[in-house]
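Here are my notes on the model you passed along. Have it open while you read, since I go from the overall picture down to single residues.

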Amino acid sequence: VIGKSGSDDKDMKGNSKGKWDAIIAKYSINGYLKWVRILGGSGNDYINDAIVTKKNEIVVIGTSLSKDGFAEETNGKNLDAFVACFSSNGNLKWKSFLYGSGDDILLKIRETSDGKLIVGGITNSYDGHFRNISSGNKDIVIGCLTSTGKLQWLKSIGGSNDDELVSLEVIDDNIFIGCVTSSNDKDVYKKNKGKKDILIVTINI
């Protein structure tokens, strides 16, 4: 299970890193707690989604406001996105960060048939990992990582207004994205019918 915690007693005793910490916990089939892992630093850290891969690894995505502890590789100024992989025993295998000078948030993760990781979220950064791909105030961002956390590609979807990711699925190695957009230019030129519209996007991997 995934979640967040502001506690530092009982199951969280000695594990708290900051105000809000991202947590992963594994339970036995009978409901007994087997292990808890804390992802965080001195700022607020959140997990937004998780999958169990074909290798029986646990991959989580989220956002961090920390610049220390787990998130020491980020810029620590705004929300920075992360992807982290754990073994079935709860050992951290790798972590990867995506960030610019704005807020960068990963919301969804799925696995392809060959073990690649597809992540989706939103960003309002124009630099860092999002240099030359951001289109407006808030853009949808889709990325592909290898099973070892190496970023293969990153692209944005949107226009000059706010665009938000709602859902993401991978079917037969095609990415299907459900979005809400208030833009009417660039990627959504002449597609907007009102203030906020539903947008369905497919991407071939």
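The points below start with the whole chain and then turn to the cores, a strand pair and a surface patch.

1. First, a reminder that we're looking at a predicted model. The chain comes out all-strand in the plainest way: zero helices and 14 strands. Reading along the sequence you just get β-β-β-β-β-β-β-β-β-β-β-β-β-β.

2. On overall numbers, 48% of the 205 residues count as buried. The chain exposes about 10200 Å², and carbon and sulfur atoms supply 47% of that area. As for how far contacts reach, take those between residues at least 6 apart in sequence: 44% of them join residues at least 24 apart.

3. Where to look inside? The largest nonpolar core has 17 residues, and V59, V83, L106, I109, L117 and V119 are the ones with the most contacts inside it. Six strands each supply at least two residues of this core: β5 (58-64), β6 (80-86), β7 (92-98), β8 (104-111), β9 (117-123) and β10 (139-145). The largest share, three residues, comes from β6.

4. L117 is a good residue to click on. Setting aside neighbours within four places in sequence, L117 is in contact with I51, T53, V59, W94, I109, R110, G143, C144, L145 and T146. Two of these partners, V59 and I109, are themselves on the list of residues with the most contacts inside the largest core.

5. Don't stop at that core, though. Apart from it lies another one, of 14 residues, and its members include I140, I142, L168 and V170.

6. Strand β14 (residues 197-204) shows a neat alternation. D197, L199, V201 and I203 point to one face and are buried, whereas I198, I200, T202 and N204 point to the other face and are not. Note that the buried face includes an aspartate, D197, which I'd look at on screen.

7. What does β14 pair with? Its partner is strand β13 (residues 174-181), in the antiparallel sense and over eight bridges. If you want a place to start tracing the pairing, N174 has N204 in β14 as its bridge partner. N204 also belongs to the face of β14 that is not buried.

8. Last, the surface. V1, Y27 and L33 form a nonpolar patch there, with about 290 Å² of accessible area together. L33 sits in strand β3 (residues 33-39). Why can L33 be part of a surface patch? Its relative accessible area is 35%, so L33 counts as partly exposed, and patch members need over 30%.

Conventions:
Residues are numbered from 1 along each chain as its sequence is written. This is a predicted model: local features need pLDDT of at least 70, side-chain atom pairs count only at pLDDT 80 or more; totals for chains, interfaces and linings use all residues. Side-chain values use heavy atoms; hydrogens and water are left out. A nonpolar core is a set of buried Ala, Val, Leu, Ile, Met, Phe, Trp, Tyr and Cys residues joined through side-chain atoms within 4.5 Å. Buried means under 20% relative accessible area, exposed over 50%, partly exposed in between (1.4 Å probe, protein chains only). Helices (H or I, at least four residues) and strands (E, at least two) are DSSP runs, numbered from the N terminus. Contact means heavy atoms within 4.5 Å. Patches are made of residues with over 30% relative accessible area and no salt bridge: like charges are joined within 9 Å, nonpolar side chains (Val, Leu, Ile, Met, Phe, Trp, Tyr) within 5 Å. Accessible areas come from the Shrake-Rupley method with a 1.4 Å probe; for residues, only the protein chains shown count as cover. A salt bridge is a side-chain nitrogen of Lys or Arg within 4 Å of a carboxyl oxygen of Asp or Glu. Two strands pair if DSSP finds at least two bridges between them.
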